[in-house]
Amino acid sequence: MESISRISDLLESARELTLDAAQAARSTRVATRSLSTVQLKKLLDSRNDREIQDGLRRVIAMMYRQQRTLPFFSSVVKNVASPNIEIKKLVYIYLIHHAEQEPDLALLSINTIQKSLSDTNPQVRALALRTMSGIRVPVISQIVSLAIKKGVGDMSPHVRKAAALAIPKCYRLEPATLPQLLDYLAALLGDKQYFVAGAAVNAFMEICPERIDLIHKHYRGLIKKIVDMDEWSQLAMLRMMTLYARKCFPRRTRSAKSKDAAAGLQEFYGEAGTESGTEATHERTVVLDPDLLLLLNGIRPLLQSRNSGVVIAVARCYTEIGTAEYMKAAVGPLVALLRGAQDIEQIALYNIVSVCLAHPQLFVKHASHFLVRATDTAPVWELKLEVLTLIFPHSPPQTKSLILNELEHFSRGTNKALVREAVRAIGRCAQGDPATAPRCMRLLLGQITSLDGTLAAESLTVIRHLIQLDPQGHTGTVVRLAKNLDSATDPQARATIIWLVGEFSGLNGEDNIAADVLRILLKDFANESEVAKRQVVLLAAKVYLHHINREAGNQTQPEPTPGDDEMPAPVGFAPSTDHPVTKLWDYVSLLVRYDTSYDLRDRTRLYKALLAVPQLASLMLLAPKPAPQAPSPSETRRGFLLGSSALVLAGGGGIHALRGYEPLPDWVREGHEPDPKLRHDATGSEYTSEGRRTVSAAETLGDAAREKSNGLVGAGAGAALGTMTLDEFLAEDEEEEESEEDEEEEDDDDDDEEEEEDEEDDDDDDEEDGSEDDDDDEENGSEDGEQDEDSEHEEDNEKAELEGFLGS
């Protein structure tokens, strides 16, 4: 009968599999035919689990297609008591989706869900707890809290994980339950299962991230579990541990003496003199707390994670709470993220640029990974060019040459945006490393004759910035630019050249080229662009002002010495009207009077009023200009946390550009940190202040059981057993067995001697006493047999103890 029932079960399961396969094949070939409301209700009210499951699937499909499924609420919810777990899952999905719209009907199913919390199947219990916490009806908040309490004490770790995930839902449902939830959370944080602890950390970061007192005793245990957690739990753990480290570990530093290597060798060989010896420099080094070291070393394996978010989170920990040595270990994994998809590559580059702003030298050996490819999108190559310019000052000559060749190549491309960024990158490289400024200047001067107006304009803008850094060394460069003025067609390029000529119009007195350049420009003034006309008027005002100051200086000092600076002319000084420069200024004023631009006419009137007071005009027009700086475009992102959305989306809006962004707290002051003893493991072995190791009760009971099973008594025996190897233990058992055998042989010899004496006595006795002696001999024989049996039992017991020891 048993074989027949087994065959019937196999046939039934085969039939189920066949029907499932046929239904799956039919659904892939032909779209599921929509049924009417009456037919769906008929399926949901059926007694066949297969029909109920089919009806539920259709209803769920309608629900996700945004179709009306609320009329099926009563027909669906009544199947919540079905023993089929697949039906339960579908009912729970529907119930969570529609509970807010029909809270009264949803409450009718709470009792059935509560009964499922006591089911023998842990999957059913976890599913019931997850569903109960997902029903967003405030009336059942206390019931959900009790269900979480029951789940916290469940034997199954999956149910405890569901309880941890339900804590934030219960808190959002009713914030007044926070005290109870904190008690449950404190128990779940110390759970031995890593996935339960990970879910508890997620709940902790959502409801009470400021309650670090709950973390103290679980700190070391959580660090040991972080490697085994899932990616989402690892992200929450890293975020929590970063906050914990800032609030619990003060930033301590100490001074260390560092000497030059050559001086160290001289001192080693005894050649360092008192006068020629180099002085030691004092450096401040960071002293890390042992528990902080445990964290930094414990998260190092996560750099090999397949999740890019985890890698960036580890890099954030090393940046915010670690040292430069730990940051070196994160550079390689960060660069490896560039091999991912384009969206991951772009986010990784934002974080790399942020790290590179603080530690550019760490990325020098990875410079080849930041070369622009033809398939890169605009945001990607912009960030790559930025990284190249940041690492340029710290690179060796070969890498610098590679970067400049790369930038020169892209500055001659067809993509105008890429050309503009490449030229600007060349300028930033020249500012970052003055030694390469001449080569950068040669590259840019070769671009000003380009037919591409964008390239010429950007090149001239960068050239202007470089000239302002060293005006005295680029006088010839300005003359060269003035010669190329006729070939420059871009309005912005022409305006830049004219401005540079005006800035150098005061050099060499009358031998300056500014007046001739102004004369040539005025021939075609009417055809110039608006921006160029403004610079022509400014150039005329500067040339005329220098002429006024020179004439005033000649009158006060008839024989000026070379090298003297021009002195501003006194108020009311009138220069001669026959000089060509005066005529050029009058001609410019006449041209601008009939120009159509209101702004140009207003500027000219302003310059006329200023030139009436030469001292004021000199302060405003001839004042030295500060050298412009071209910082990295991502300087506005400095200070944002790695991995935050503000780092990507709020680059130009300041530190509080995005709502919800929270920076890390400052390091706790020394003396205000929590007691390190709070972080001692609840079950781990620790040492007391006297240096003695504290032994838990479980370890004491385990030692006592081992001593009892091995037949050893006392602490000394237990210590001797703990230090004994297996070979020594077996050898000791063999010696004990041999000694027992020798003792048994001696006992047998004594028994034989006694028997011989008894026989001699028996010969002297009467025959009547012979029968009694026979009885005595029988008794002695039985006693000897009993002794042999006892020795055999002792040997068996010793063998059993030895096998038990080896098995344990």
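**Exercise 1. Describe the largest cavity of this predicted model: its volume and its lining**.

Solution.
- Step 1: start with the volume. The largest cavity has about 40 Å³.
- Step 2: check how many cavities reach 30 Å³ or more. The structure holds one.
- Step 3: name the lining. L117, L129, A147, K150, G151, D154 and V159 line the largest cavity.
- Step 4: sort these residues by type. Four are nonpolar, one is polar and two are charged.
- Step 5: find the main contributor. Helix α9, residues 141–152, gives the most to this lining, with three residues.

**Exercise 2. Describe the second largest pocket, and find which helix gives the most to its lining**.

Solution.
- Step 1: the second largest pocket has a volume of about 820 Å³.
- Step 2: count its lining. There are 34 residues, and R239, R316, L641, G643 and S644 lie nearest the centre.
- Step 3: sort the lining by type. It divides into 20 nonpolar, eight polar and six charged residues.
- Step 4: list helices that supply at least two residues each. These are α14 (231–248), α17 (308–321), α19 (342–358) and α32 (645–649).
- Step 5: pick the main one. α14 gives the most, with six residues.

**Exercise 3. Decide whether M237 is buried or exposed, and find its contacts**.

Solution.
- Step 1: place the residue. M237 sits in helix α14.
- Step 2: apply the cut-off. Buried means under 20% relative accessible area. M237 has 0% relative accessibility, so M237 is buried.
- Step 3: set aside neighbours within four places in sequence. M237 is then in contact with V201, L222, I223, I226 and M229.
- Step 4: compare sequence and space for one of these partners. V201 is 36 residues from M237 in sequence, yet their C-alpha atoms are 6.4 Å apart.

**Exercise 4. Test the length of helix α5, then describe its N-terminal end and its buried residues**.

Solution.
- Step 1: work out the expected span. Helix α5 covers residues 85–98, which is 14 residues. The rule is 1.5 Å times one less than the number of residues. The expected span is therefore 20 Å.
- Step 2: compare with the model. The end C-alpha atoms of α5 are 20 Å apart, which agrees.
- Step 3: look at the N-terminal end. N84 caps it, with a side-chain oxygen 3.0 Å from the backbone nitrogen of E86.
- Step 4: list the buried residues of α5. They are I87, K88, L90, V91, Y92, Y94, L95 and H98.
- Step 5: ask what covers them. The cover includes α3 (49–64), α4 (73–77), α6 (103–108), α7 (110–116) and α8 (122–134).

Notes
Residues are numbered from 1 along each chain as its sequence is written. This is a predicted model: local features need pLDDT of at least 70, side-chain atom pairs count only at pLDDT 80 or more; totals for chains, interfaces and linings use all residues. Side-chain values use heavy atoms; hydrogens and water are left out. On a 1 Å grid over the protein atoms alone, a cavity is a set of points where a 1.4 Å probe fits but cannot get out, and a pocket is an open set with protein on both sides within 12 Å along at least five of seven lines; lining residues have an atom within 4 Å of a point. Grid points are joined across faces, edges and corners, and a volume is the space filled by probe spheres set on the points. Helices (H or I, at least four residues) and strands (E, at least two) are DSSP runs, numbered from the N terminus. Ala, Val, Leu, Ile, Met, Phe, Trp, Tyr, Cys and Pro count as nonpolar, Asp, Glu, Lys and Arg as charged, and the others, Gly among them, as polar. Buried means under 20% relative accessible area, exposed over 50%, partly exposed in between (1.4 Å probe, protein chains only). Contact means heavy atoms within 4.5 Å. A polar contact is a pair of N or O atoms within 3.5 Å; within protein, one must be able to donate a hydrogen and the other to accept it, and residues adjacent in sequence count only if both atoms are side-chain atoms.
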